[in-house]
Amino acid sequence: MKDLHDELRRSLRYFDGHSDTLGIFADAAFLSRVGAALAKPFRDARVDKVAGIEARGFVLATAVALELRTGFVAIRKPGGLHPGPKAELQAPPDWRGKTTRLRLQRHVVEPDDRVLIVDDWAETGSKALTARRLVEMCGGRYVGLSYGMNDAAGGTGRFT
């Protein structure tokens, strides 16, 4: 996994102070390795669904869902089409001090579904914790969080 982390650090480009995480997923082989790495700790966890937090989390969660042969569910931010009844919560402030409202369609998580949450970065964990609460509000069981990079621990980053 260290090799994959090092490759990510080398490949990640920045534009105007923002990381181009989506740009590195254009490499199919790299995206496949990332999906496998994020899925690995949860292979024996009997995951039923993988939830991705919009937007980059959608890409990673889909790769993980394919690895684990499970379904994908979307946790959306405001503005996107998300039909039907929803669970909705305001996330605590992120690293920029911004709050975001997150939404999950109630019918996509069935009672006792074992749900893994996937995202690209974990800064403060505010969105991940809110995603967990949404899954539980819909009757699902939180299995864990798998993410690509972690800035919360001094910017060291890791695949988990």
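What follows is a short dialogue on reading cavities, strand pairing and burial in a predicted model.

Colleague: Let's start with empty space. How many cavities of 30 Å³ or more does the structure hold?

Modeller: The general idea first: rolling a probe the size of a water molecule over the atoms shows where empty space is left. In this predicted model, there is 1 cavity of 30 Å³ or more. The largest cavity has about 80 Å³ of space.

Colleague: Which residues lie nearest the centre of the largest cavity?

Modeller: Those are L8, T21, F25, G148 and M149, out of 13 lining residues. The elements giving two or more residues to this lining are α2 (21-24), α3 (28-39), β7 (114-122) and β8 (141-150). By class, the lining has 10 nonpolar, 2 polar and 1 charged residues.

Colleague: Now to the strands. Which strands pair with β6?

Modeller: Take β5 (residues 86-90): 5 bridges join it to β6, and the two run antiparallel. Within β6, L104 stands opposite A87. β4 also pairs with β6 in the antiparallel sense, over 2 bridges; here R76 has R103 as its bridge partner.

Colleague: And why is β6 described as largely enclosed?

Modeller: Because 4 of the 5 residues in β6 (residues 101-105) are buried, the strand is largely enclosed by the rest of the structure.

Colleague: One last residue: is T70 buried or exposed?

Modeller: The cut-off for buried is under 20% relative accessible area. T70 comes in at 19%, so it counts as buried. T70 sits in the loop between α4 (56-68) and β4 (71-76). Beyond its neighbours within four places in sequence, T70 is in contact with V47, D48, K49, V50 and A65.

Conventions. Residues are numbered from 1 along each chain as its sequence is written. This is a predicted model: local features need pLDDT of at least 70, side-chain atom pairs count only at pLDDT 80 or more; totals for chains, interfaces and linings use all residues. Side-chain values use heavy atoms; hydrogens and water are left out. Buried means under 20% relative accessible area, exposed over 50%, partly exposed in between (1.4 Å probe, protein chains only). Contact means heavy atoms within 4.5 Å. On a 1 Å grid over the protein atoms alone, a cavity is a set of points where a 1.4 Å probe fits but cannot get out, and a pocket is an open set with protein on both sides within 12 Å along at least five of seven lines; lining residues have an atom within 4 Å of a point. Grid points are joined across faces, edges and corners, and a volume is the space filled by probe spheres set on the points. Ala, Val, Leu, Ile, Met, Phe, Trp, Tyr, Cys and Pro count as nonpolar, Asp, Glu, Lys and Arg as charged, and the others, Gly among them, as polar. Two strands pair if DSSP finds at least two bridges between them.
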